[in-house]
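Work through the exercises below with the model open beside you. Try each task before you read its solution.

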Amino acid sequence: MLDNGYPLATESNVLKELIKPPSLVRSVVHTITGESKLANVSSTLPTGQLSNVPWRRTGVKYANNEIFLDLIEELDVIIDKSGTTIVAEVQGKIQANSRLSGMPDLTLSFMNPRLLDDVSFHPCVRYKRWESERVLSFIPPDGPFRLLSYQISSQSNVALPLYVTPQFSFSGGSGKFEVKVGPKQTMGKVVEDVKLVVPMPSCVTNVNPTSTYGMPSYDPVSRTVTWNIGKLQTQKYMSMNGSVTMTSGEAPESNPTIMVEFKISQLAVSGLKVSRLDIYGEKFKPFKE
Amino acid sequence: MSTGGYQGPTADFTPTGFGSDSPETSSRNGASASVINPPLFAADYKRHEDLKSMLDSSKDGQKREAMKLIIGMVAKGKDCADLFPAVVKNVVSKDSEIKKLVYVYLVRYAEEQQDLALLSISTFQKGLKDPNQLIRASALRVLSSIRVPIIAPIMMLAIKESVTDMSPFVRKTAAHAIPKLFSLDPELKDELVEVIEKLLKDQTTLVAGSVVMAFETVCPDRIDMIHKNYRKLCNLLVDVDEWGQVMIINMLTRYARTQFANPNQEEVAEDAPFYVESEEEEEEEESEEEESGESGDEEGEKKKKKKKPKKKKGYTMDPDHRLLLKNAKPLLQSRNAAVVMGVAQLYHHVAPRNEFGIIVKPLIRLLKGHVETQAIVLSNIATISADRCAMFEPYLKSFYIHSSDPTNIRLLKLDIIANVAGESSIHTILREFRTYISSPDKQFAAATIEAIGRVACSISEVTETCLHGLMSLLSHKSENVVAQSVVVIKKLLQLHPKQNKDLIDQVARLADSVTVPMAKASILWLVGEYCSLVPKMGPDVLRKAAKNFVNESDIVKLQTVNLAAKLVLSNPKQTRLLCDYVLSLAKYDQNYDIRDNPVSSLNGLFLQGEETALSKYAKKILLAPKPAPVLESAFKDRIHWQLGSLSHAVNSEATGYMALSDFPAEPPDPSVRNVEDDSWWGKTKEKKKNLHGDSDSEASNFYSSISGSDVSGSDNEGDCFVRVGGGEWV
């Protein structure tokens, strides 16, 4: 919330306490009794605003005490015509969803913390301990939050899980293209949600794509060819062919760039692995799943 | 402000900034079509009479509905001023929802209905004495947001009382109220300054950020108020909330520039030890430290603390200066881009040069954010890299262009690459550039070619390669690329004209095939300037240009005239008639610039073969050697703006910009920062020793906590730096 243009309370925990999110119970009670005891707007100051742990409210209670940690990584790669990787950068973040009661104090350690040299933390993380021991020590906010995000610019070549070979030829008022996609080193995991987006140059009027696998389509408004492949198949041969019609006479200056999206679950490209998570300060016993 | 996936059905209490017409800070998504609450933006709003009767009813539910509808209408911009009396009556309501909605309405309309607004003041004054701190704070907040000048003294009183309140939240609200009151009535500045001074002494982190914001708005030049609180602020820095951190860092940058000596004064002297040391052991440590460059100053710090710095020869960094830099460092790991940027500009303006390296990685990390953040960060990096290019060289690959980047980001990245390119990386970069040239984005391709030119200028070993590369571009199919190459080649050729005679020749041949005006003008100029080197080409080029003179654009015409004049001076036999033809055409041209061109008008006088006074100097005037242009980064001249400021982003002084002062020649007395009650300082000294040495369990926490094991909702004002109750670290 802002006061005179200056941010006053931005942590979601504090905001949720100030204005309680709608829930079925609350709405039912509200309709039955005209006035609601469980008012939408709280009349006491959220505990977070005052304490030195402003991101966590007190009095949290859950039946099952659980905390989920998701390691999500994104690969940004630039590949040139011949398939050599020019730039490869890994951006990762750890999203956590904490459903723990009370005020637990967690310590998270990694197998290979030296990988993480460029990190930005949620304010709850104790920086000094990270500096000295490479251990994440924090009191988590309640609910979902981003614990940290990091960046690894790999000097060594990142193994790309798929390859794309494009071929474009334009002549006169028409052209042809063919794009082949196949899996490379995937470390046994399945590559899912594969999608290729090819923005066509401005002189293109129409494209007719067909493919051996997946669903290609052309959107004339944004002038992009989208090819939805879904799961990458190892056995099948996947290629998309198409003919391109252009406004007469103009040949595009260069071949379009292709943007490839894909998703692999259960795999961290950087090789980062969590080794253990300890909980202090609370009396329930954790077990890992 | 929206929490993930949360759709609030009610309006939050957000008093709007001054002068804004409607509370636009709404997280009321129009799609709050929940069953219980009516859609706020429904087209069929009730008439004012209906609303008035709803507001007068005795049931809270009705009042709440009415208020929600009213605020919805205000948000859409409909006028609800005549509902004022009915709404104001409800300010005494016990229901907090209704109260807050009434407050929002009041803040919006109080200025228009000042007399009626005064009716509600007594409620607020009562609210200020309420035992519930939230109510006190809300009352103060509304009171300060109502812009009715008559109540300024009441506001002043309220603020003064709240400053000594037990609850830190109320004190924080008071700190926010100060700039609001100041903008309402600037005459009260002196009293407000006193209040700020009192608040500055506050020990809680919650208040610190807000009071610095108030300080910056009301009296930013009163640096003397900061002295006693300097060390406390530095130590609290990590614990303050993110927005407070940004304000404090900015303020401390300005403070540091006026109080500490320039840490870079020893740059000139060779091998000047960074700290004054009297033992060799420490000097070794020193040189190790300087080599590692990055975050290795902790050990040196430790040693320094144990010894008292003696004032010998060389420069000693004031321990307070060092304190600031050290405490700001962990903030580089913050998730908030503004904080990281703040620390970067702090280090840029205030830190010694060899410590600046730690900034680079976090800045690069910021490039992964949103496009808008990227744009600002890139423009700041462009300014820094124009000055310190070596620092960014290992990270060159992060600046490569992605095909999804928008044009302004591409141009910025290109600028940085051209700045940072070094001899080792230049060949890879040139390969990259070659790919960029064929991009469909015309502006970007043109900028790439200019970047090639810049790189060719700055790195001498590739000038030849670049030049040849650019010449090969002249046969590119794109008109645009050819034109831009010509312009850049012209600039490069001026560096070494004699060696590149044949290139000039080649370029001259393009004169008829190139149609882009800038390019054609460049070719004509080139030929004219170096007509002595390409004597055979000159007249022919002029002939072709003269044939088409009337159809050309203005800059081409100007250059043709110049060319004619220069050729006549060097080669009168062949070109005299041509020149006369061109000049007579120019005399009757539609554009006055061409008609009045001194060359064409005076030409009649001194080139007709008569020996007037001017004709002796004609050669000197027209064919004087000109210095070659220096191709520079567009961001070089932004260096005098403070990094990260709005003025820097727009490259001109924005209102409210305060220039950073230069370092003082003699740093003022540091003893003003000594506080009588040194127990604070003593504790922190202990804390530091712990941090450096012990990996023991007693190491203090990253953030302070309230004494006692439970964080309760009551007003607790514990002493900072006490460890978490009971918990022991193993």
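**Exercise 1. Order a sheet.** Which strands of chain A make up the open sheet of four strands, and in what order?

*Solution.* Step 1: write down the order. The open sheet runs S13-S14-S11-S16 in chain A, with antiparallel pairing. Strands, like helices, are DSSP runs numbered from the N terminus (strands: E, at least two residues; helices: H or I, at least four). Two strands pair if DSSP finds at least two bridges between them.

Step 2: find the edges. S13 and S16 of chain A each have a single partner strand, so one side of each has no neighbour in the sheet.

Step 3: add the twist. From one strand to the next it averages 15°. The axes behind such angles are lines fitted to C-alpha atoms, for helices over the stretch in contact; angles run from 0 to 180 degrees between N-to-C directions.

Before you go on, note the ground rules. This is a predicted model: local features need pLDDT of at least 70, side-chain atom pairs count only at pLDDT 80 or more, and totals for chains, interfaces and linings use all residues. Residues are numbered from 1 along each chain as its sequence is written, chains are lettered from A and ligands numbered from 1 in the order in which they are written, and side-chain values use heavy atoms, with hydrogens and water left out.

**Exercise 2. Trace the pairings.** How many bridges join S11(A) to S14(A)? Then work through the other pairs.

*Solution.* Step 1: S11(A) and S14(A) run antiparallel and are joined by six bridges. Here A:Val197 has A:Thr226 in S14(A) as its bridge partner.

Step 2: move to S16. Strand S11 (residues 192-199) of chain A pairs with strand S16 (residues 259-263) of chain A over four bridges, again in the antiparallel sense. A:Leu196 stands opposite A:Val260 in S16(A).

Step 3: move to S13. Strand S13 (residues 215-219) and strand S14 (residues 224-230) of chain A run antiparallel, joined by five bridges. A:Met215 has A:Asn228 as its bridge partner in S14(A). A:Asp219 stands opposite A:Thr224.

Step 4: look at the turn. S13(A) and S14(A) form a hairpin with four residues between them. In that turn, A:Arg223 has a positive phi of about 55°.

**Exercise 3. Compare salt bridges.** Are the partners B:Arg322 and B:Glu355 buried or exposed? Start with a pair in chain A.

*Solution.* Step 1: know the rule. A salt bridge needs a side-chain nitrogen of Lys or Arg within 4 Å of a carboxyl oxygen of Asp or Glu. The count over all chains is 29.

Step 2: take A:Glu66 and A:Arg99. Their side chains form a salt bridge, 3.9 Å from N to O. A:Glu66 lies in strand S3 (residues 66-79) and A:Arg99 in strand S4 (residues 85-99) of chain A, so the pair ties together parts 33 residues apart in sequence. A:Glu66 is partly exposed at 28% relative accessible area, and A:Arg99 is partly exposed at 33%. (Buried is under 20%, exposed is over 50%, partly exposed is in between; 1.4 Å probe, protein chains only.)

Step 3: take B:Arg254 and B:Glu216. The closest N and O atoms of this salt bridge are 2.5 Å apart. B:Arg254 sits in helix H13 (residues 242-259) and B:Glu216 in helix H11 (residues 205-218) of chain B, 38 residues apart. B:Arg254 is buried at 12%. B:Glu216 is buried at 17%.

Step 4: take B:Arg322 and B:Glu355. Their closest N and O atoms are 2.8 Å apart. Both residues are buried.

Step 5: look for a network. Salt bridges that share partners join B:Arg231, B:Asp318, B:Asp320 and B:Arg673.

**Exercise 4. Inspect a helix.** Where is the kink in helix H29 (residues 572-587) of chain B centred?

*Solution.* Step 1: the kink is about 25° and is centred on B:Leu578. (The bend at a residue is the angle between axes fitted to the seven residues ending there and the seven starting there.)

Step 2: list the buried residues. In H29(B) they are B:Thr575, B:Leu578, B:Cys579, B:Val582, B:Leu583 and B:Ala586.

Step 3: recall the helix rule. An α-helix has 3.6 residues a turn, so residues three or four places apart point the same way.
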